[in-house]
Amino acid sequence: MGIADQKKVQEQRQNSQLLATLGEMLTGIANEVNNPLGSILLYSELLMAGDLSPQTKEDLKVIHDEARRAARTMSDLLNYHRQEKSDIQQLEINRVLGDLFRTRRYKDGACDITVTLNLHDRPLLVEGDLSQLNRVFMNLMSNAEEALTKIGGGNITVTTRKAGEWVQISFTDDGPGIPQENLQRIFYPFFTTKQAVFGSGLGLSTCYSIITRYKGLIHARNNEEDGATIIVELPLTDTCEKTPSPREAGITGSLVA
Ligand SMILES: Nc1ncnc2c1ncn2[C@@H]1O[C@H](COP(=O)(O)OP(=O)(O)O)[C@@H](O)[C@H]1O
Ligand SMILES: [Mg+2]
């Protein structure tokens, strides 16, 4: 690994320790807040079922809905930080993406989004937990789709390549892009530019915590033209030449949904 790569990994490790401490604090708070929220929900429901004036019922409904919104945020937070067990295995990244895209259903009609899968022509082996990696890729796809929906549609290209001792997986869209001052902040828990009902701000921080667990890197940049690219880099395991290429394994080089 080159010096620049080592520095990147070290920076990311320090960052992820900070995020882990922050995560523990937030989980403690979420647990404390959940109990009183549960009581507010329960008692407001009991009261609403009673014989009250329409105005009082309406006011109670505001209390109930706001408590439910807060409870949803708390549950997102607990899910984000739950200590799940990882089932680490060797995975071929082209195959993981091929399978994911074969089963994924695209939102039809609402918006015109074209997805192209651009796979490296050799197998790319990494170590990771399949469901966690799928979660990372789904989060990145959802963000790109949501960015494109804002402007009525566009293109997403998912590219895999080998870069030295790394596997690079990039998600490029031609949407509105990310303001320069947000390029780092988007990975922080709860950072969102979406309305509360649409985004909890935990998608990218979840990606970050998963990828750094595998000693990988994740970063964002704006494209020269329109849109943004999120790049995931994972250490390549060293037995790549021994498995069949994705084409031999029946995965096509590009996919348009
Ligand atoms: N492809 C993208 N294009 C533009 N902005 C993006 C993109 N991906 C992420 N973002 C920005 O990063 C923020 C954080 O993303 P995320 O952590 O997934 O939370 P959420 O999607 O719930 O807002 C988003 O609110 C958005 O502002
Ligand atoms: Mg998101």
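Which residue caps the N-terminal end of α3? Keep that in mind while we get our bearings; this is a predicted model, so every distance below is computed from it.

**The whole chain**

Start with the cartoon view of the protein chain. You should be able to count 5 helices and 7 strands. Walking from the N terminus, the elements come in the order α-α-β-α-β-β-α-β-β-α-β-β. Switch on the surface: the protein chain exposes about 14,700 Å², and carbon and sulfur atoms supply 52% of that area. Of the 257 residues in the chain, 41% are buried. If you draw the contacts with a separation of 6 or more, 75% of them come from residues 24 or more positions apart.

**Stop 1: helix α3**

Select residues 93-103, which make up helix α3. Now add Glu-92 to the selection, because here is the cap from the opening: a side-chain oxygen of Glu-92 lies 3.3 Å from the backbone nitrogen of Asn-94. Asn-94 is itself one of the buried residues of this helix, and the others are Ile-93, Val-96, Leu-97, Gly-98, Leu-100 and Phe-101.

**Stop 2: the ligand site**

Next, pick ligand 1 and show what surrounds it. There are 18 residues around the ligand, and Asp-173, Thr-192, Thr-193, Lys-194 and Leu-204 come nearest. By type, the shell divides into 7 nonpolar, 8 polar and 3 charged residues.

Try drawing these three distances to oxygen atoms of ligand 1:

- Lys-194, from a polar side-chain atom: 2.6 Å.
- Asn-143, from a polar side-chain atom: 2.9 Å.
- Gly-203, from a polar backbone atom: 3.3 Å.

How much of the ligand does the protein bury? Taken alone, ligand 1 exposes 530 Å², and the protein buries 92% of that. To see which elements form the shell, colour α4 (130-150) and α5 (203-213): these are the elements that give two or more residues to it. Helix α4 gives the most, with 4 residues.

**Stop 3: Lys-150, in α4**

Stay with helix α4 and click on Lys-150. Is this residue buried or exposed? Lys-150 is exposed, with a relative accessible area of 64%. Then put a C-alpha to C-alpha distance between Lys-150 and Gly-175: the two are 25 residues apart in sequence and 8.1 Å apart in space.

**Stop 4: an aromatic pair**

The structure holds 2 aromatic pairs. For one of them, select Phe-187 and Tyr-208: the pair is tilted, with 5.9 Å centre to centre and 50° between the planes. Phe-187 lies in the loop between β5 (166-173) and α5, while Tyr-208 lies in helix α5, so the pair ties together parts that are 21 residues apart in sequence. Phe-187 counts as buried because its relative accessibility is 6%, and Tyr-208 counts as buried at 6% as well.

**Stop 5: Glu-233, in β7**

Finish on strand β7 (residues 228-235) and select Glu-233 within it. Glu-233 counts as buried, at 5% relative accessibility. What does its side chain make a polar contact with? Show Gln-168: the side chains of Glu-233 and Gln-168 make a polar contact at 3.2 Å. Leaving out residues up to four places away in sequence, Glu-233 also touches Lys-8, Trp-166, Val-167, Ile-211, Gly-216, Leu-217 and His-219.

Terms used: Residues are numbered from 1 along each chain as its sequence is written. Chains are lettered from A and ligands numbered from 1 in the order in which they are written. This is a predicted model: local features need pLDDT of at least 70, side-chain atom pairs count only at pLDDT 80 or more; totals for chains, interfaces and linings use all residues. Side-chain values use heavy atoms; hydrogens and water are left out. A residue is near a molecule or strand if one of its heavy atoms lies within 4 Å of it. A polar contact is a pair of N or O atoms within 3.5 Å; within protein, one must be able to donate a hydrogen and the other to accept it, and residues adjacent in sequence count only if both atoms are side-chain atoms. Accessible areas come from the Shrake-Rupley method with a 1.4 Å probe; for residues, only the protein chains shown count as cover. Ala, Val, Leu, Ile, Met, Phe, Trp, Tyr, Cys and Pro count as nonpolar, Asp, Glu, Lys and Arg as charged, and the others, Gly among them, as polar. Buried means under 20% relative accessible area, exposed over 50%, partly exposed in between (1.4 Å probe, protein chains only). Contact means heavy atoms within 4.5 Å. Rings of Phe, Tyr and Trp (its six-membered ring) pair if their centres lie within 6.5 Å; planes under 30 degrees apart count as stacked, over 60 as edge-to-face and the rest as tilted.
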